[in-house]
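Biologist: Could you take me through the ligand site close up, and then show me how the parts around it fit together?

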Amino acid sequence: MDGIRISVLGMGYVGLAGGMGYAKHGFKTIVTATTPSKVENLNKGIPPFYEPELEGLVRTEVNRGMLSATLNNLEAIRQSNVTFICVGTPSLPDGSADLGAVEAVAKDIGIAIRDKDGYHVVATKSTVVPGTTENLVLPIVEKYSGKKAGKDFGLVMNPEFLRQGQAVHDSLYPDRIVIGEHDAKAGEVIHKIYRDYKNDKEEPVPILHVEIKAAELIKYAANSLLATKITFANEFSRICEEFNIDVYEVMKGVGLDFRINPMFLNAGCGFGGSCFPKDVNAIVALAKKIGVETPLMDAVLYTNDIQPMHFIDIIKETVGNLKGKTVAFLGLSFKPDTDDTRATRALPIIEKLYEEGAMVKAYDPKAYYKFKPLTDLPIGYMDTIEEALKDADFAVVQSDWQEIREIEPETLKRLLKKPIVIDGRRSYDPERLKKAGVVYKGVGWKNRE
Ligand code: UGA
């Protein structure tokens, strides 16, 4: 294959951050979307969502002529010889993944490569259950192209491990690259794309070549294990609270074992986002379908659902009856540095606060436009943290954006009716707040001391 030219179908976090990375590494890349305004804006260097540093990097690549967008999948595929499938695979009501978008773009790939000369590599990046690339993508591409996989076109599955909020960092400096290959030639082409990628210590990135189905499962297994680590810390947080022990101190002691590592042991009011809840549900649904029991994953989902209600219990233990109380609610996105509110724990917590008779004045730096459509509750959406805090009975933190973490104890004392913070994310040093005269309570803290 002569020079690699890339098309990326889908302009979400995976498609755009990945596409920007390919362009930055010198591969001419076209990304596609189905919304005209997204394409127009991208061609002016404006991404369709907020992600730290992304806009500047996208603009640079657009201005250099390395990155562009189109509405036309066929045109993008024809101008390239490697196509990444980066469309969404949202949850269906039974927890399984909706593969409608994957099927649609596989058909486009088939049609586009029908009359195209030369070898073309098709790479699934969307999160799909084992067997999807070979049993769904492959036959559709073969049917519409009249060509043969492994001969006329290559097929791989190359999962993405980026975190929202750190999409730029994770796609430019990955820990590892996994290439599941249907045919070795296709695997080699994808290997070439990532050959010069370094991790954030400037070391070469390990590139793992595996069976295509193994690559599909690696993505689910990694997300399920990370969700399990968080859930483990959340369960221990409740034990810690009973004994007035700090769960962060406990998990620090646990995480220093190099076999465990300290990451993803931060207890909080539960994991949200578009990945962990969706992927654990999908693996549970798949296992059920094939008759495999998954008591551990079932428990992860169960514990994560009740964790926001446990947070409500901490709030009630601290302030008593919620009727008529005004709550300064800080952070609506599912985590800091993203405007994404999918499966955010803010929603069940706020719903319960209203059910208990409280009123919410919320603050989030970026997420209003995505949160507002989720609920009709009469939430006050404030322009500043100060407005949210002013005359509220107490403050609750759900998503620890830096500006929320940086609130000074004096500000809390000046603006809140009573200086009480109930922290769902360990955003503050509890001792510092206590010393300054602020009542600090939170998940996994010594709330009963
Ligand atoms: C997650 C994975 O971390 C990525 O590796 C993966 O590529 C991605 O899903 C995906 O499948 O696309 P993401 O959902 O963007 O990334 O965000 P995380 O940083 O993993 O956080 C997920 C949720 O877990 C958030 O609600 C966060 O607040 C919570 N969390 C995270 C904790 O409660 N405690 C922790 O220690 C870490």
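Modeller: Sure, starting at the ligand: one of its oxygen atoms sits 2.9 Å from a polar backbone atom of G272, which falls inside the polar-contact cut-off (a pair of N or O atoms within 3.5 Å; within protein, one must be able to donate a hydrogen and the other to accept it, and residues adjacent in sequence count only if both atoms are side-chain atoms). F334 has a backbone N or O atom 2.9 Å from a ligand oxygen, and for F161 a polar backbone atom is 2.8 Å from one. On its own the ligand has 710 Å² of accessible area (Shrake-Rupley, 1.4 Å probe), and the protein covers 90% of that. Around the ligand are 19 residues (a heavy atom within 4 Å), with F161, L162, Q164, K219 and N223 coming nearest.

Keep in mind that this is a predicted model, with local features needing pLDDT of at least 70 and side-chain atom pairs pLDDT 80 or more, while totals for chains, interfaces and linings use all residues. Numbering runs from 1 along each chain as its sequence is written, and side-chain values use heavy atoms, leaving out hydrogens and water.

Now the domains, whose bounds come from an automatic or database assignment: domain 1 is 6-210 and domain 2 is 242-442. Their contact (heavy atoms within 4.5 Å) takes 18 residues from domain 1 and 19 from domain 2. Their C-alpha centres lie 33 Å apart. Across the interface, eight residue pairs are in polar contact, both at pLDDT 80 or more.
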